[in-house]
Every structure is written in structure tokens, then in C-alpha cells.
Amino acid sequence: MRDFPPRRIVCLTEETVETLYLLGEQDRIVGVSGYAVRPPQVRREKPRVAAFISADIPKILALAPDLVLAFSDLQADIVADLVRAGVAVHVFNQRDLAGIFAMIRTLGAIVGAAERAERLAQDLEQRLATIAATPRPAPRPKVYFEEWDDPLISGIGWVSELIEIAGGEDALPHLRVHKAAKDRIIAPDVVRDAAPDIILASWCGKKVVPDRIRKRDGWDTIPAVRNDRIVEIKSTIILQPGPAALTDGLDAIVKALWPQRL
């Protein structure tokens, strides 16, 4: 990276896009992921140059970016192509709330907006603390979060933490330490035996079909199924490790857990 702060940034995932907009640094963005939808104007303001595990490398190079922002080992092949082409790349790898806040602060420092990033992070941290301190009736509802349906994949770290902040209890808390989705693959019997009170589902960009969940073998004994407490949470607000999950995503979890108190 020859210019500091970087003047031309390509974002290969949506959370860095939203963060830069929240910091007032959106003019630096010259290309985004096709999944970027927050804020809504990003669809008309920024050219789309990538999906998630694939990207249009020539299109990115034509934008002459000072810096490309990527996420995790899932984009390693894209990153390797860009590095070979001489592009500066920063790869984030946040999988829990601490990592999300570190991403916000790091990105702020990279674009010369450290103070604004610190204020943003502190505001979001205070938001989470306020929700966590909200009195809730006992006992806490047991929640199973389904990130994918075939095979079944349970929720990642930040989702598990947000369930607890919302006043719930993760039905499978031991799995949240696993960063890779393949390490959170579970058998249907595991969920049945956990007997969650609520099932939250977000099938990573695919519409959730509650009836498919209800019809799984043996799941009619699960309290969440018996009591019709299966709730879809849109992947755009919960499966991106950034501001969306800490705001609209958390609010959606709270609403699903405590509908009678809203």
C-alpha cells in the first residue's frame, strides 16, 4: 500500500462496507461484494466485483485499488491471486464479538479514522451491555441456531454470544469455539436431545422453510417444534460479522425470544 490512508478500497465482504459507511469513509470504496446491501444505497453507488468465494480479478485490478479488504481462509484463493498481481490485501478473520470490535477499530485506524471508529465501537458495546442488562423472566429459553440445513450446522461464535446477550441460552454452546463450519456439523439427534425451546434459522442466503424443520424425523418431540417457535433470521443481518449483527441481528433475536414483551 503506497498511500496512507488508502484512497481506493475494494471490500470483498459486506461488514467492512457497512463499517466504512458508518465511519463516513464510504468515498474510499471503489468496489464491493455482490452481497453488500447495507446501507441500501450501496447497491446503486458501488460496482460489484465479487461473490464470496469468487471474484472478478481483472475487474478489481481495473479499479486500481490501494487496498483490498477480505475475510477468512474462505477467500484465500482470491487473496492469493490479488497478492500475485501486486495488490495490498488485509484479511480479517473475526469469529466472535471481540473480533468484530477489533475489526471496527482496526479498519478505522487503516483509513485514518481511529477516533470515529473508537466511538462507534464504544456505542455498539454500550448497546450490547444495555440489552444484556435488561431484566428477563426465568428460566432462560434454550435456543438452537441453525446456520445451514444440509448438513445441519450450528451457529458460529458471535451468534452464540448474541443469543446469551438477548437473554437466551445456547442449546449447543460447546460448538461456538469452532471457527470453521465443518467443525459445527451435527446429527439431527443432537438437536433433538438438546430439546431447544426456540429454533432460530438462517440458511446463509437461502430462504428458511420451517415446515422442513418440523418434518425432520423425531423432531416433533422438540419443544420449539411442538410450540411452533421456529423463526427465520435473515442472513444479511446475522451471518455477517459486523455492525448488522450487533444491531438488527441482535434485535431480531430479542424479538424471537421475547415477543410478548415488545
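Here is a short conversation about a predicted model of a protein chain and one of its residues, Ser 202.

User: Why is Ser 202 called buried?

Analyst: Good place to start! Buried means under 20% relative accessible area. Ser 202 has 1% relative accessibility, so Ser 202 counts as buried.

User: Where does Ser 202 lie in the chain?

Analyst: Ser 202 lies in a loop, with strand 10 (198-201) on one side and helix 9 (210-214) on the other.

User: What makes the link between the side chain of Ser 202 and Ile 233 a polar contact?

Analyst: Set the distance against the cut-off. A polar contact needs a pair of N or O atoms within 3.5 Å. The side chain of Ser 202 comes to 2.8 Å from the backbone oxygen of Ile 233. A polar atom of that side chain of Ser 202 also lies 3.2 Å from the backbone nitrogen of Ser 235.

User: Which residues does Ser 202 touch, leaving out those up to four places away in sequence?

Analyst: Among them are Phe 145, Trp 148, Val 208, Lys 234 and Leu 239. Touching here means heavy atoms within 4.5 Å.

User: Now the whole chain, please. How many helices and strands does the protein chain have?

Analyst: The protein chain has twelve helices and eleven strands.

User: And how do you know that the protein chain is as compact as a globular protein of that length?

Analyst: For 262 residues the globule rule gives 18 Å, and the radius of gyration of the protein chain is 19 Å, close to that value, so the chain is as compact as a globular protein of that length.

User: What share of the 262 residues counts as buried?

Analyst: In the protein chain, 51% of the 262 residues count as buried.

Notes:
Residues numbered from 1 in each chain as written. Predicted model: local features only at pLDDT ≥ 70, side-chain atom pairs only at ≥ 80, totals over all residues. Heavy atoms only, no water. Helix = DSSP H or I, 4+ residues; strand = E, 2+ residues; numbered from the N terminus. Buried < 20%, exposed > 50% of the residue type's maximum accessible area, 1.4 Å probe, protein only. Polar contact = N/O pair within 3.5 Å; in protein donor to acceptor, adjacent residues only side chain to side chain. Rg over C-alpha atoms; globule rule 2.2 N^0.38 Å.
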